[in-house]
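Please open the structure in your viewer and keep the selection tool at hand, as this tour goes step by step from one selection to the next.

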Amino acid sequence: VFVLLPISGIIIGRVGSSLRKNSRLAQNKLGDIITLIDETLSGLRIIKAFNAEKKMDQKFMGENNTYSNIMIRMWRRRDLASPLSEFLGTVVMVLVLWYGGKLVLSGESTMSGSSLIGYIVIFSQIINPAKAFSDAYYNIQKGIASSERIDAILSATEKISDKEDAKHITSFNHSISYNDIQFKYQNDYVIKGISLAIEKGKTIALVGQSGSGKSTLVDLLPRFYDVNQGSITIDGTDVRDLKLKEVRKLMGVVNQESILFNDTVFNNIAFGVENATIEQVMEAAKIANAHDFISEMPQGYQTNIGDRGGKLSG
């Protein structure tokens with residue numbers, strides 16, 4: 001028994017590990033399909049404009065067929081679990097009965113025939129729990145593949161954080177300085193040795209071709225990324241030595257793309273500002289030349305603008 005059960009366990013373990021591998025592949029492929037569906041629905045206007053419906057359909061069918069094949073392989077192994085454990089349990093029982101019976105009938109064992117039958121009866125009661133355990137093992141392997149993907153997100157570490165002795169900042173008084181900064185996302189530097197001083201009250205424009213690093217240069221100031229070399233200072237203090245939230249609280253950001261939430265006009269304009277009043281929101285809307293068309297909406301500033309602002313004009 002001690003020889004046969006580990007062998008059965010090894011066989012079940014190999015099937016379980018292959019189930020876990022296929023389950024991980026299936027989860028990854030399902031993520032790709034959901035991403036593709038989301039891109040297709042959100043980019044439907046572009047797809048229609050370029051007559052690309054057939055191309056997107058073929059792309060989806062290709063991803064879906066790959067997912068189907070992975071799932072078929074996975075469920076084959078999953079459905080193999082129960083009959084395999086039944087088969088292995090039966091094999092163990094037959095071998096134990098054969099070997100034990102041979103010992104008893106040949107007179108080589110001190111065990112009597114009745115003792116062997118009693119042993120077989122007791123041992124057979126272990127088989128069903130063992131089979132249930134193997135079935136649970138297959139389910140656990142499948143679940144682990146899913147939990148690994150979730151855990152990778154939940155356990156992700158924040159790369160940019162405050163220093164233990166970070167300083168407070170409540171106002172911007174003099175200037176922002178980029179001091180011989182260098183930065184790379186991965187291998188190649190996208191910003192090399194830039195120095196720039198921006199005095200308070202002045203308007204500064206960064207002009208250059210696409211991909212020249214304009215957006216990156218701006219993203220380094222609120223520490224969406226940290227510089228690899230050099231420093232960025234606010235009133236002479238390195239931003240890395242300041243409280244991150246307090247630095248960002250001093251800034252107003254207008255994105256290159258419109259990022260809107262499925263909420264009211266009021267809540268979108270007041271996003272990130274605590275206890276904002278309707279007067280402040282209206283003032284901001286007037287500056288942006290948006291007050292007039294907002295006022296014409298059915299519920300004015302309390303009108304819901306839909307997912308990603310879909311109810312608004314581009």
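## Around the cavity

Begin by selecting Leu220, Arg223, Tyr225, Asp226, Val227, Ser231, Ile232, Asp238, Val239 and Arg240, which together line the largest cavity. This is a predicted model, and in it the structure holds one cavity of 30 Å³ or more, while the volume of the largest cavity comes to about 40 Å³. If you now colour the lining by class, you should find five nonpolar residues, one polar residue and four charged residues.

Next, keep the lining in view and select aspartate 238, which is one of the lining residues and which lies in strand β4, made up of residues 237–238. Is aspartate 238 buried or exposed? Its relative accessibility is 14%, and because buried means under 20%, aspartate 238 counts as buried.

Now show the side chain of aspartate 238 and follow it to the backbone nitrogen of arginine 240, which the side chain reaches at 2.9 Å. Then add Ser231, Ile232 and Thr233 to the selection, since aspartate 238 touches these residues when those up to four places away in sequence are not counted. Of these, Ser231 and Ile232 were already part of your selection for the cavity lining.

Finally, step back and colour the whole protein by pLDDT, for which the average is 84, with 99% of the residues scoring at least 70. Select helix α4 (residues 113–154), where confidence is lowest at a mean of 78, and then helix α8 (residues 278–287), where confidence is highest at 92.

Key:
Residues numbered from 1 in each chain as written. Predicted model: local features only at pLDDT ≥ 70, side-chain atom pairs only at ≥ 80, totals over all residues. Heavy atoms only, no water. 1 Å grid on protein atoms, 1.4 Å probe; cavity = no way out; pocket = protein on both sides within 12 Å on 5 of 7 lines; lining within 4 Å. Points joined across faces, edges and corners; volume = space filled by probe spheres on them. Nonpolar A, V, L, I, M, F, W, Y, C, P; charged D, E, K, R; others polar. Helix = DSSP H or I, 4+ residues; strand = E, 2+ residues; numbered from the N terminus. Buried < 20%, exposed > 50% of the residue type's maximum accessible area, 1.4 Å probe, protein only. Polar contact = N/O pair within 3.5 Å; in protein donor to acceptor, adjacent residues only side chain to side chain. Contact = heavy atoms within 4.5 Å. pLDDT = per-residue confidence, 0-100.
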